[in-house]
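Here is a short tour to follow with the structure open beside you. We will look at some packing first, and then at a sheet.

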Amino acid sequence: MPYVNQARLAARKSTSKNNMKQIGLALHNYHETHGFLPPGGVIREDGTAMNGWLTMIRPYMDASPDYNRLDLNESWESPRNVDIFEIALPYYLNPNVRENYTTTGYGLTHYLGNPNLLYRNSSVQFEQMQNGLAHTWMSGEIGGNYHPWSYPFNWRSLGVKLCVGPESFGEPDWKGGQLLMADGRVSFFSEETSPEILRRLANAPPVATKTQTAAPQIIFETCVSY
């Protein structure tokens, strides 16, 4: 029945919002501890991709001992860490999305970061956000082409339109998408949001260079379970 479907969608949207609030709190706690946001991805000079921001905030997300078992001196694809990275973590998943794993077994994330704040070897401080925390986005719900949460390149440009394909932000069933703002709020933006508003959010300083935000052009094959 339509009202039952609407209630289910509303519940899933609320759960996703709570997940993003938890991610926001973890980012703030990381900043309070280290004096800056986590690196979007730790990439060595030789190009070896190590670990990303969603891995770095794990200690602030839950009390699981998994983070302490990780060898952060190994790349994200190292067999030494694979048993942890194969776990699908509920707080990195939008409950309205069925796919939770890559076909190779890695747990996914349905949220990606702002490439101007979370990029290669970044260390951005809140003080650098010239438009203010309330007008700077940190992460958002994506519409497809999901990444492993352990992937060291978990950022994506916001674009100027929501819900326009797998490379965009937004959840089509909700006719829009939720963005985590740097002040910890999670705000909903309709798919009809003006491109100018999204452009202002996308270009809010600090602005990273193309080199800093460069990422491999990889599309992960995904599945419901593994």
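In this predicted model, Leu37 has a long list of contacts beyond its neighbours up to four places away in sequence: Leu27, Tyr30, His31, Leu117, Leu118, Ser122, Ser123, Val124, Phe126, Met129 and Met138. Leu37 also belongs to the largest nonpolar core, which has 39 residues. Together with Ile23, Leu27, Ile57, Tyr92 and Met138, Leu37 touches the most other members of that core. Helix 1, helix 2 (53-56) and helix 4 (82-85) each supply at least two residues of this core, and helix 1 gives the most, with five residues. Apart from this core lies another one, of 18 residues, including Leu93, Leu112, Cys163 and Met181.

Now for the sheet. Its four strands form an open arrangement in the order 5-6-8-9, paired antiparallel. Strands 5 and 9 stand at the edges with a single partner strand each, so one side of each has no neighbour in the sheet. On average, neighbouring strands are turned by 30° against each other, direction ignored. Strand 5 is joined to strand 6 by three bridges, and Leu112 has Gly140 of strand 6 as its bridge partner.

Helix 1 (residues 2-34) packs on this sheet, and its direction makes about 20° with that of strand 8. The strands are listed here:

| Strand | Residues |
|---|---|
| Strand 5 | 111-113 |
| Strand 6 | 137-141 |
| Strand 8 | 176-181 |
| Strand 9 | 186-190 |

Helix 1 touches strand 5, strand 6, strand 8 and strand 9.

One more stop is Tyr67, in helix 3 (residues 66-69). Leaving aside neighbours within four places in sequence, Tyr67 is in contact with Thr55, Met56, Arg58, Pro59 and Leu72.

Definitions and conventions: Residues are numbered from 1 along each chain as its sequence is written. This is a predicted model: local features need pLDDT of at least 70, side-chain atom pairs count only at pLDDT 80 or more; totals for chains, interfaces and linings use all residues. Side-chain values use heavy atoms; hydrogens and water are left out. Two strands pair if DSSP finds at least two bridges between them. Axes are lines fitted to C-alpha atoms, for helices over the stretch in contact, and angles run from 0 to 180 degrees between N-to-C directions. Contact means heavy atoms within 4.5 Å. A nonpolar core is a set of buried Ala, Val, Leu, Ile, Met, Phe, Trp, Tyr and Cys residues joined through side-chain atoms within 4.5 Å. Buried means under 20% relative accessible area, exposed over 50%, partly exposed in between (1.4 Å probe, protein chains only).
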